[in-house]
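Subject: Structure for you to look at

Hello,

Here is the structure I said I would pass on. Please open it next to this message and follow along; my notes come after it.

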Amino acid sequence: MTPQFPPLDLHAHINPEIRPVDLERLGAVVFAASRSLDEYESVMSRCDQVTVWGVGCHPGVESAQRDFDAEKFGSLLASTAFVSEIGLDGRSKVPIDEQERLLDSIFDRLLVERRIASIHSSGASRLVLDALERKPIRGAVLHWWRGDDTQTRRAVELGCWFSINAACMKYPHDVSLIPIERILTETDHPSGDRVSSKPRQPGAVADVEEALARVYRTTAGFIRQQIWRNFARLVNETSTSALLPLPIQRMVAAAAPQERSHD
């Protein structure tokens, strides 16, 4: 019998003060992307069962970039499987060369301590790929990817994963260039799901699954199963299972019981 898995949302922004029970009522596994080290520090002691809080440094948030401390980032990294909302932003007020130096320092750490890394690349797709070529980390997930055809093929060759939201699905041709074995789902709530049908909330990826099913000419149910197989491979690639909440560890094991820890 095929296991039934909940929706998987690999990138959403959530109020750090929300109650654990309210997150559990979403009925989904959600990766909550923080925008700064301070934001993550405020939630790192939580014990949510189906929500993973990520430590991040948004390239478009000046204060997050200005206050970033590599040593502090390294210490916070020990408590989570997820690095969220790092990357480059071509429209940020932070000079791009400063963003690149900071991102390189994060990648240096991730070369040693692998994590699932959700990467922002708005207006800077080529530069993000250049950074990944310089520092070939494992577990790089390009979230809300808008690179051109050549850049997408390059990203695939670099071993990247792609988390797809409702806004991405306005461009089905672009999504079709991504191998189905490399896709994951996200909402990027409250921005990436603005075109979604209600409810607009973290974990609500059913419309994305249906749109992906049309692109890959299969069913939404198959997409859900494939997403979880892909996620299990991502967890294996980054050796992060032990850092996930126990219920999610069990789901990963059910999705791909044959997976073993990556060397």
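**Strands**

In β5, G87 has H120 as its bridge partner. Before going further, please keep in mind that this is a predicted model.

The bridge at G87 belongs to a wider pairing: strand β4 (residues 82-87) and β5 run parallel and are joined by 4 bridges. β5 itself covers residues 116-120, and 5 of its 5 residues are buried. Which residues of β5 point which way? I116, S118 and H120 point one way, while A117 and I119 point the other way, and all are buried. This fits the general pattern that side chains in a regular strand alternate between the two faces of the sheet.

Strand β1 (residues 8-12) is also mostly covered, with 5 of its 5 residues buried. β1 runs parallel to β2, and 3 bridges join the two strands. On this pairing, L8 stands opposite V29 in β2.

**The core**

The largest nonpolar core holds 81 residues. Which of them have the most contacts inside it? They are F31, I119, L132, L142 and F231. Helix α10 gives the largest share of this core, 7 residues.

I119 from β5 can serve as an example. Apart from neighbours within four places in sequence, the contacts of I119 include I86, G87, F107, V128 and L132. The rest of its list is I137, A140, V141, L142 and H143.

F107 is also a useful reference point for R134, a residue in helix α6 (residues 125-134). R134 and F107 are 27 residues apart in sequence, and their C-alpha atoms are 9.3 Å apart in space. R134 has a relative accessible area of 42%, so it is partly exposed, a class that runs from 20% to 50%.

**Aromatic rings**

There are 6 aromatic pairs in the model. In one of them, the ring centres of F68 and F73 are 5.7 Å apart and the planes meet at 45°. Why is this pair called tilted? The angle of 45° is neither under 30 degrees, as in a stacked pair, nor over 60, as in an edge-to-face pair, so the pair is tilted. F68 and F73 are both buried.

W228 and F231 make an edge-to-face pair, with 5.6 Å from centre to centre and 90° between the planes. Both residues lie in helix α10 (residues 220-238), where they are 3 residues apart, about one turn of the helix. Are W228 and F231 buried or exposed? W228 has a relative accessible area of 1% and F231 has 0%; buried means under 20%, so both count as buried. Ring pairs also link W228 and F231 with F5, F31 and F82 into a cluster.

Two arginines sit over rings. The charged end of R146 is over the ring of Y171, 3.7 Å from the ring centre. The charged end of R229 is over the ring of F222, 5.4 Å from the ring centre.

**Helix α11**

Which residues of α11 are buried? They are I248, M251, V252 and A255. Seen down the helix axis, the buried residues fall within an arc of 100°, so they line one face of α11. Among the elements that cover them are β2 (29-33), β3 (51-56) and α10.

**Backbone points to check**

Most residues other than glycine have a negative phi, and most peptide bonds are trans. Three places in this model are worth a look with that in mind.

The peptide bond from H189 to P190 is cis, with omega near 5°. P190 is in the loop between β8 (183-185) and α9 (206-216).

W144 is not a glycine, yet its phi is positive, at about 50°. W144 belongs to the loop between β6 (140-143) and α7 (149-157). With a relative accessibility of 29%, W144 counts as partly exposed.

S239 also has a positive phi, near 55°, and is not a glycine. The loop that holds S239 runs between α10 and α11 (246-255). At 41% relative accessibility, S239 is partly exposed.

Regards

How values were computed
Residues are numbered from 1 along each chain as its sequence is written. This is a predicted model: local features need pLDDT of at least 70, side-chain atom pairs count only at pLDDT 80 or more; totals for chains, interfaces and linings use all residues. Side-chain values use heavy atoms; hydrogens and water are left out. Rings of Phe, Tyr and Trp (its six-membered ring) pair if their centres lie within 6.5 Å; planes under 30 degrees apart count as stacked, over 60 as edge-to-face and the rest as tilted. Buried means under 20% relative accessible area, exposed over 50%, partly exposed in between (1.4 Å probe, protein chains only). A charge sits over a ring if NZ of Lys or CZ of Arg is within 6 Å of the ring centre and within 35 degrees of the ring normal. A nonpolar core is a set of buried Ala, Val, Leu, Ile, Met, Phe, Trp, Tyr and Cys residues joined through side-chain atoms within 4.5 Å. Contact means heavy atoms within 4.5 Å. The arc is that of the directions from the helix axis to the C-beta atoms. Two strands pair if DSSP finds at least two bridges between them.
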